[in-house]
Amino acid sequence: MSREIAAIELEELDSGGYMLIDMRDSSAFEYGHIDGAINIPQEELMMAELPRDKKLIICCRSGIISGQYAENLCERGFDAYDLKGGYVEWLRIKMENRQVTDEVELSIRKKFKKSVWCKFTKAINEYELVKEGDRIAVCISGGKDSMLMAKLFQELKRHDKFPFEVEFLVMDPGYSPENRRVIEENARSLSIPIHIFESDIFDSVYNIEKNPCYICARMRRGYLYSHAKALGCNKIALGHHFDDVIETILMGMLYGGQVQTMMPKLHSTNFEGMELIRPLYLVREADIKHWRDYNKLHFIQCACKFTDTCTTCAPDSRSVSKRLEVKNLIAELKKVNPQVEKNIFRSVENVNVNTVIAYKDDEGIHRFLDTYDRKGLKK
């Protein structure tokens with residue numbers, strides 16, 4: 001069996017005497033990792049060139065599979081150890097009794113006023129997302145986007161330009177106890193008064209093979225609408241940001257054969273009188289990450305049961321893989337054209353229906369031939 005090193009013992013080790021290897025995928029590592037760790041994804045770990053003169057501490061997401069890899073390395077002659085509890089346990093210990101409310105709120109007012117706060121308020125005003133008398137359910141998943149959105153709404157309430165109310169809503173669709181504690185600790189340390197309710201969505205979609213992430217997302221939204229309405233809310237706020245919007249535009253074009261976007265607000269079709277709003281619509285993901293890292297905050301990335309084995313969330317899911325492809329494509333295009341992100345966004349603001357072959361609305365499909373001859377006669 002592999003030898004185990006508890007997360008709490010990491011700080012006691014000589015910094016030069018071991019190598020901490022995080023075997024999660026690169027996107028999870030970038031989202032958050034233990035200080036000093038290096039990333040070697042699990043599919044590369046057993047083939048990687050590793051030092052034999054150092055202790056190798058193997059870390060996965062929840063400590064579920066890292067032990068087996070550490071044991072295999074020991075059998076090959078390495079001095080390898082398993083990090084018990086993995087990244088999630090380290091994160092829980094790091095956050096315990098931490099209080100960062102004042103620093104985080106000051107950073108929003110000062111350091112990130114232009115890049116985050118002003119873009120948040122611009123979206124609120126430009127798209128009329130918040131109105132007098134609204135009662136908004138700010139939906140918190142536990143990630144960086146929704147946690148920042150919650151703090152921004154608290155700041156907006158302090159300005160008190162017109163009366164509106166907020167509920168900070170967390171749905172537990174079947175989180176592991178460790179992930180739920182991470183969400184609760186972050187909310188406590190950031191002074192966000194969350195309202196948690198349970199559902200069994202993870203169990204419902206666990207055995208679904210085709211697009212489980214899409215089905216899970218649809219079910220979660222329905223539960224959020226229902227619970228928000230029961231609390232007297234007329235809107236739910238989701239944490240989709242600028243990058244989500246432009247990725248959706250390109251995904252629709254490249255893989256769906258259509259021009260559409262993720263709208264800043266929508267009327268619910270199933271819950272009368274309810275709306276969905278996206279207040280981070282104009283905020284860049286890079287600025288959200290900067291806010292997170294500047295304040296030394298750590299959030300969960302994806303806490304569903306598909307990731308409890310330390311793999312990417314539903315790696316066979318078409319929607320997940322295609323979104324990642326588009327994200328990488330935009331990053332490559334940006335190297336050649338720094339304005340490409342803005343241009344993608346502007347493309348759905350500057351649609352000229354006179355120069356498209358067809359478009360559709362609630363009344364049906366309209367083709368350019370329908371009015372082509374009539375317009376020619378006018379000329």
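On the surface of this predicted model, a nonpolar patch of about 520 Å² is made by M253, L254, Y255, V259, L329 and L333. Two elements, helix 11 (242-256) and helix 13 (318-336), each give two or more residues to this patch, and helix 11 gives the most, with 3 residues. L254 has its place in helix 11 and, at 48% relative accessibility, counts as partly exposed.

The structure also holds 26 salt bridges, and the table sets out three of them, with the distance between the closest N and O atoms and the relative accessible area of each partner.

| Salt bridge | N to O distance | Basic partner | Acidic partner |
|---|---|---|---|
| K289 with E30 | 3.3 Å | K289, 21% | E30, 39% |
| K157 with E165 | 3.6 Å | K157, 28% | E165, 40% |
| R284 with E341 | 3.2 Å | R284, 18% | E341, 9% |

In the salt bridge between K289 and E30, K289 belongs to helix 12 (residues 285-294) and E30 to helix 1 (residues 26-31), so the pair ties together parts that are 259 residues apart in sequence. K289 is partly exposed, and E30 is likewise partly exposed. For the salt bridge of K157 with E165, K157 counts as partly exposed, as does E165.

The side chains of R284 and E341 meet in a salt bridge; R284 lies in the loop between strand 11 (275-277) and helix 12, while E341 lies in helix 14 (residues 340-347), so this pair ties together parts that are 57 residues apart in sequence. Here R284 is buried, and E341 also counts as buried. Elsewhere, K144, D145, E247, E285, R323 and K327 are joined into one network by salt bridges that share partners.

Definitions and conventions:
Residues numbered from 1 in each chain as written. Predicted model: local features only at pLDDT ≥ 70, side-chain atom pairs only at ≥ 80, totals over all residues. Heavy atoms only, no water. Patch = residues over 30% accessible without salt bridge, like charges linked within 9 Å, V, L, I, M, F, W, Y side chains within 5 Å. Areas by Shrake-Rupley, 256 points an atom, 1.4 Å probe, with all protein chains shown as cover. Salt bridge = Lys/Arg side-chain N within 4 Å of Asp/Glu carboxyl O. Helix = DSSP H or I, 4+ residues; strand = E, 2+ residues; numbered from the N terminus. Buried < 20%, exposed > 50% of the residue type's maximum accessible area, 1.4 Å probe, protein only.
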